[in-house]
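Hi there,

Here is the structure I promised to pass along. Have a look at it first, and my notes are underneath.

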Amino acid sequence: MTQWRPPLSLIGAWLVLLALLALTVTLAYVPLGAGNAIVAMSIGTIKAGIVAAIFMELRHRSGLTLVFAGAGLFWLGILLWLGLMDFLTRT
Amino acid sequence: MPESSAFAPQYASIPHRDHTAELGMWVFIATEVLLFGGLILAYLVYRHAFPQGFAEASRHTEIVIGTANTAVLLTSSFLVAWAVEIFSPDTARITTWLLMGAACLGLAFIALKGVEYSREYGEHLVPGIDFQFAGPRGNSIQLFFIFYFVATAVHALHMLIGIGLLIALAMICRKAPTTRHHTALHSAALYWHFVDVVWIFLFALIYLPGRSSS
């Protein structure tokens, strides 16, 4: 009768995600100057990593699946890097 | 259909079929990453050009609704991951309920988004329909709200597609689920989690900037 129960890893991931949400909203009201944007994007990246690793089961995957999953990030990196380089370096 | 013919002739086995489906979903998700990536690139360029306007505009968004919607979406992702994990013919009933629960949370997200849009309309913050903002930063604030409406509307469209998929799978999985249904559910779950990840970043870009200053 225990086969319907969610694994502890899923419950843990869900609770950590909600805690990180509370943390990021709280920190948004703390004056950190340019640090606010860095904190918000860092916590967002951690949350996305948890969703990808645990909900999307990437921590149980290897090789080819990780390459396919990473391809999107790779192209996104090129898009943002080349797209922003001009604007960020203009004087 | 007997399980022995559950995979098409191009596959060597059921795991081979499932692996192929998973890789296909990740290719699709990569294209979606670039769709939202283009929007986010535009946002970053204009935020870099008008940092104060974007901070001020962000303070006019509904952070309570945005935060509640993030919690709603994270919880619905949890329910879908749970359904994928316990999927079997013996747990068809509970799987159906989990998927329906996730779909209802998705609808709650859309409903809250509607409340948010109507408030913004009331505050004359909808570019192209009714945008009025007194002050020196009106133009950059309008740029922010153009991004806001395009990005959240494209995201909401993805939500509606996902809700439809979840309801369809809940109906199908109610009776005699097979490994094919599990593969379909796994693909839909990857899509749903991806939509969740997009929202995590939209939330950080739309609602959080500018909160610590006034």
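Below is what turned up on cysteines and charged pairs.

Please keep in mind that this is a predicted model.

Cysteines first. A search of the whole structure gives 0 disulfides over all chains. Cys104(B) is in no disulfide, and the nearest cysteine sulfur, in Cys173(B), is 16 Å away. A disulfide needs the two sulfur atoms within 2.5 Å, so the sulfur of Cys173(B), at 16 Å from its closest cysteine counterpart in Cys104(B), is too far away for a bond. Their surroundings are worth a look as well: Cys104(B) is partly exposed at 47% relative accessibility, while Cys173(B) is buried at 0%.

Now the charged side chains. Over all chains, the structure holds 7 salt bridges. One of them joins Arg17(B) to Asp18(B), with 2.9 Å between the closest N and O atoms. Arg17(B) is buried, with a relative accessible area of 8%, and Asp18(B) is partly exposed at 24%. Elsewhere, salt bridges with shared partners link Glu57(A), Arg61(A) and Glu22(B) into one network.

Within that network, Glu57(A) and Arg61(A) meet at 2.9 Å, N to O, and Glu22(B) and Arg61(A) meet at 2.8 Å. The latter pair crosses between chains: Glu22(B) sits in helix H1 (residues 14-49) of chain B, and Arg61(A) lies in the loop between helix H2 (35-55) and helix H3 (64-89) of chain A. As for accessibility, Glu22(B) is buried at 5%, Glu57(A) is buried at 14%, and Arg61(A) is partly exposed at 23%.

Happy browsing, and best wishes!

Definitions and conventions
Residues are numbered from 1 along each chain as its sequence is written. Chains are lettered from A and ligands numbered from 1 in the order in which they are written. This is a predicted model: local features need pLDDT of at least 70, side-chain atom pairs count only at pLDDT 80 or more; totals for chains, interfaces and linings use all residues. Side-chain values use heavy atoms; hydrogens and water are left out. Buried means under 20% relative accessible area, exposed over 50%, partly exposed in between (1.4 Å probe, protein chains only). A salt bridge is a side-chain nitrogen of Lys or Arg within 4 Å of a carboxyl oxygen of Asp or Glu. Helices (H or I, at least four residues) and strands (E, at least two) are DSSP runs, numbered from the N terminus.
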